[in-house]
Amino acid sequence: MKRRSRRAVGRRDAEELLDNADASLLELVDNVLNRGVVVTGDVVLALADVDLVYVRLSALLCAADRILGPSKDAQ
Amino acid sequence: MSLYVYALVPAGVEGDFGTGIEEETLRALPLGGISAVIGEIDHRPSIAPATLQAHDEVVRRIARVSDAVLPLRFGAMTIDAGELAEGLRPRVALLAAALERTRGCDQMTLRVYVQQADKPPHPARAESGTDWLKARSASHGAVVERIRDALAPLARAASIESHDTPPLRATLFHLVERARLGEYDARVRALAAAIAPHRVVATGPWPPYAFADLG
């Protein structure tokens, strides 16, 4: 079976996505890109650098809080 | 053509899963004690908002057909069914257990934002400043623990992630039975009022993305 590596183009796509994401999209990104079952071994994972996405997400979710404004109740 | 894998469901689950992110027909591929819901597509999906949303919508549709579901991370593709089976075979028993844990449940996500206090004492009083920082950190940790303890009885499973990006202090993920989501929401709202000026922001319900680990 062939072993394939992650593509750099996916990483650029993820960075661009994070640059333009609002709070709700960030939550979606955190779920579908950072979590879920990962099939290892010889399976292709057609994604960006997930660790990079996770690190940037933490900072951006913090920024999303500033966008949301103060004194907001649980949504 | 390659297989795009959306989610895992219990073996034998049947139903109309609809179509995938490329309008491809979805089907359940048996893999021993579990099944993988797959579609055949001919190119890698782009990491774009519309595509990510489409993936989530497909997973949600699968969750409406199957009472238990384990979402796969976006972009999981294999050459064929044989490669997928090889990749999952060593973990089928663990995946089946994780899958069963999600039965009848959705995921709720809580982001905990802590209020940043006033400036510390004068730098010349370094000891006091250090103590102040330690006390502040302990206080923020206590907020997270309070939320954790208050919601634990309502969750079948829970996990916490700490963050070093103030004011975001922690993220809590809860696996909550659908019948108790209203109760969960009410308790979160009560907590939000109780921990002010700190804040908690809840999103969900989500498919159980954060509970696909095998720990």
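How many residues lie between E2(B) and E3(B) in their hairpin, and which residue in the turn has a positive phi? I took this up as the opening entry on a predicted model.

**Entry 1. The hairpin of chain B.** I looked up the turn and found two residues between E2(B) and E3(B). B:Gly32 in that turn has a positive phi, at about 80°. I then followed the two strands: E2 (residues 26-31) and E3 (residues 34-41) of chain B pair in the antiparallel sense, over six bridges. As a point of register I noted that B:Leu26 stands opposite B:Gly39 in E3(B).

**Entry 2. Confidence in chain A.** I turned to the pLDDT of chain A, which averages 59, with 24% of the residues scoring at least 70. I recorded the extremes by element: confidence is lowest in strand E1 (residues 44-45) of chain A, at a mean of 40, and highest in helix H2 (residues 23-34) of chain A, at 86. I also marked residues 1-7 of chain A, where the pLDDT is below 50; beyond near neighbours in sequence, this stretch has 15 contacts in the model. Residues 66-75 of chain A likewise have a pLDDT below 50, and that stretch has 17 contacts beyond near neighbours in sequence. I keep in mind that predicted coordinates should not be read in detail where pLDDT is low.

**Entry 3. A helix pair across the chains.** I next examined H2(A) against helix H1 (residues 49-65) of chain B: the axes come within 10 Å and cross at roughly 60°. I therefore entered H2(A) and H1(B) as oblique to each other, and their crossing as left-handed. On the H2(A) side I listed A:Leu25, A:Leu28, A:Val29, A:Val32 and A:Leu33, which meet B:Pro49, B:Leu52, B:Gln53, B:His55 and B:Asp56 in H1(B). I sorted the residues of this contact into seven nonpolar, two polar and one charged.

**Entry 4. The four-stranded sheet of chain B.** I traced an open sheet with the strand order E7-E8-E6-E9 in chain B and antiparallel pairing. Strands E7 (157-165) and E9 (199-206) of chain B stand at the edges with a single partner strand each, so one side of each has no neighbour in the sheet. The twist averages 15° from one strand to the next.

Within the sheet I checked E6 (residues 105-113) and E8 (residues 168-177) of chain B, which pair in the antiparallel sense over nine bridges. Here B:Val112 stands opposite B:Ala170 in E8(B). Finally, I looked at helix H5 (residues 181-194) of chain B, which packs on the sheet and touches E6, E8 and E9 of chain B. The direction of H5 makes about 5° with that of E6(B).

Conventions:
Residues numbered from 1 in each chain as written. Chains lettered and ligands numbered in written order. Predicted model: local features only at pLDDT ≥ 70, side-chain atom pairs only at ≥ 80, totals over all residues. Heavy atoms only, no water. pLDDT = per-residue confidence, 0-100. Contact = heavy atoms within 4.5 Å. Pairing = 2+ DSSP bridges. Axes fitted to C-alpha atoms, helices over the stretch in contact; angles between N-to-C directions. Parallel < 35°, antiparallel > 145°, perpendicular 65-115°, else oblique. Left-handed = near helix turned anticlockwise from the far one by under 90°. Nonpolar A, V, L, I, M, F, W, Y, C, P; charged D, E, K, R; others polar.
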